[in-house]
Amino acid sequence: MDVRLRLAPLEEKREIAALLRRYLVELGPWGYDEPDNYPFLDSYWREPRRSPYVIEADGAAAGFTLVNAISISGYPVDASIAEFYVLPHLRRGGCGGAAARQAFRTRIGWWELSFHRDNAAARAFWPTTAERAGGKRIQFFDVGESRILRFRMTR
């Protein structure tokens, strides 16, 4: 499978919004109950430290990721995965890992992301993916029901 991560132009915001809604519905069991209310989406095309990406697998849309530079832990960061979604039928086949590794390589420095501690798939996926991408000094912080993963990317 050929996986590619590319910046999404404004013209693709509607498609990302539709994928975002599906993603937020899936997050319902972990406390997200407003899939039609994501107030930050527009800012990914307006603010310089936010980047909307489309994930493609074999040339077709496979998901999206939203990257910003907002610290979750309170420590300084260079980048943070705000949202990450791969269509269900493409999971566990390498698409998500390939896309995440490409995202991590877009910026050097400290990265963070968080997930619900009860989300077993996320607990297995994210640390392994960060390590395979070349992440160093991997750290974990538990805050409430969230687990924050923090690591450093170098060239």
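This is a short chat about reading aromatic rings and overall fold in a predicted model.

Reader: Let's start with the fold. Which order do the helices and strands follow along the protein chain?

Author: The pattern reads β-α-β-β-β-α-β-α-β-β. That gives you three helices and seven strands.

Reader: And how do I judge the radius of gyration?

Author: You hold it against what a compact globule with that many residues would have. For 155 residues that is near 15 Å, and the protein chain has 15 Å, so the two agree. Along the principal axes, the C-alpha atoms fill a box of roughly 35 × 35 × 35 Å.

Reader: Now the rings. What describes a pair of aromatic rings?

Author: Two things: how far apart the centres are, and the angle between the planes. This structure holds ten aromatic pairs. Take F104 and W111: their centres are 5.2 Å apart and their planes meet at 70°, so the pair is edge-to-face, because an angle over 60 degrees counts that way.

Reader: Are those two residues buried or exposed?

Author: F104 is buried, at 0% relative accessibility. W111 also has a relative accessible area of 0%, so W111 is buried as well; the cut-off for buried is under 20%. Across the protein chain, buried residues make up 43% of the 155.

Reader: Which residues do ring pairs link into a cluster?

Author: F84, F104, W111, F125, W126 and F151.

Reader: Where does the charged end of R50 sit?

Author: Over the ring of Y44, 5.1 Å from the ring centre. R150 lies over the face of W110, with 4.4 Å to the ring centre.

Notes. Residues numbered from 1 in each chain as written. Predicted model: local features only at pLDDT ≥ 70, side-chain atom pairs only at ≥ 80, totals over all residues. Heavy atoms only, no water. Phe/Tyr/Trp six-rings, centres within 6.5 Å; stacked < 30°, edge-to-face > 60°. Buried < 20%, exposed > 50% of the residue type's maximum accessible area, 1.4 Å probe, protein only. Lys NZ or Arg CZ within 6 Å of the ring centre and 35° of its normal. Helix = DSSP H or I, 4+ residues; strand = E, 2+ residues; numbered from the N terminus. Rg over C-alpha atoms; globule rule 2.2 N^0.38 Å.
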